[in-house]
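Subject: Handover of a structure, with notes

Dear colleague,

I am passing on the structure below, together with some notes on its strands and side chains. Please read the notes with the coordinates open beside them.

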Amino acid sequence: MPAPSVTYTFVSLTAIDPAQVNTNFNDLILGASDGTKDYNINALTFANNTYVAAGQSGAINTSTDAITWTLRTFGFTANSILALIYSNNLYIAAGGSGVLNTSTDTITWTQRTSLFKAQSINALTYGTLFVAGGIVTGK
């Protein structure tokens, strides 16, 4: 099945009242739509002169100007992508059901194993090592 065409709607920071920006990122990124369904954008990163937006149903889109977007993957997981990071020449996308995928180019993604058995990975960061945070139940 071909991936749907998703249109992202962005609002320039200069068009937003600064008093409204401090608590709600939805003021900056309104969302995405394929014309019949709206999609949540849950994670953004910028690296290698490329913006990367990820979200609902595992959709990942890239852009060099934040205006024209290219759908790179759609549904590489049935779960939403909740966190996205780039560091050490590696993109990492993570989300629902502990899904964890890596890519060096945002086009080809490799599924990885979440060793801490997260129900949901909600945050990623990198200092001297990659750290993931999320919801973990049981032992």
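The notes below take up the conventions, then the two sheets, then individual residues.

The model is predicted, so that local features need a pLDDT of at least 70 and side-chain atom pairs count only at pLDDT 80 or more, while totals for chains, interfaces and linings use all residues. Residues are numbered from 1 along each chain as its sequence is written, and side-chain values use heavy atoms, with hydrogens and water left out.

Strands here are DSSP runs (E, at least two residues), numbered from the N terminus, and two of them pair if DSSP finds at least two bridges between them.

One open sheet holds four strands in the order S4-S5-S6-S7, with antiparallel pairing. Strand S4 (41–47) and strand S7 (70–73) stand at its edges and have a single partner strand each, so one side of each is left without a neighbour in the sheet. On average, and with direction ignored, neighbouring strands of this sheet are turned by 25° against each other, where the axes are lines fitted to C-alpha atoms and angles run from 0 to 180 degrees between N-to-C directions. Within the sheet, strand S5 (residues 50–55) is joined to S6 by four bridges, the two running antiparallel, and Val 52 stands opposite Thr 62 in S6.

A second open sheet also has four strands, in the order S8-S9-S10-S11, again with antiparallel pairing. Its edges are strand S8 (81–87) and strand S11 (110–112), each with a single partner strand, so one side of each is left without a neighbour in the sheet. The twist from one strand to the next averages 25°. S8 is joined by six bridges to strand S9 (residues 90–95), which runs antiparallel to it, and Ala 83 stands opposite Ala 94 in S9. The hairpin of S8 and S9 has two residues between the strands, and Asn 88 takes a positive phi near 55° there. At the other end of the strand order, three bridges join strand S10 (residues 100–103) to S11, also antiparallel, and the bridge partner of Asn 101 in S11 is Gln 111.

Accessibility is classed by relative accessible area: buried means under 20%, exposed over 50%, and partly exposed in between, with a 1.4 Å probe and protein chains only. Five of the seven residues of S8 are buried, so this strand is largely enclosed by the rest of the structure.

Ser 63 lies in strand S6 (residues 60–63) and is buried, with a relative accessible area of 4%. Its side chain makes a polar contact of 3.0 Å with that of Asp 65; such a contact is a pair of N or O atoms within 3.5 Å, where, within protein, one must be able to donate a hydrogen and the other to accept it, and residues adjacent in sequence count only if both atoms are side-chain atoms. Leaving out residues up to four places away in sequence, Ser 63 touches Asn 49, Thr 50, Tyr 51, Thr 68 and Trp 69, contact meaning heavy atoms within 4.5 Å.

A search of the whole structure finds three aromatic pairs. The rings of Phe 46 and Tyr 51 have centres 4.5 Å apart and planes at 55°, so this pair is tilted; rings of Phe, Tyr and Trp (its six-membered ring) pair if their centres lie within 6.5 Å, and planes under 30 degrees apart count as stacked, over 60 as edge-to-face and the rest as tilted. Tyr 86 and Tyr 91 form another tilted pair, at 4.4 Å centre to centre with 55° between the planes. Phe 46 is partly exposed at 46% relative accessible area, and Tyr 51 is partly exposed at 33%, whereas Tyr 91 is buried at 2%.

With best regards
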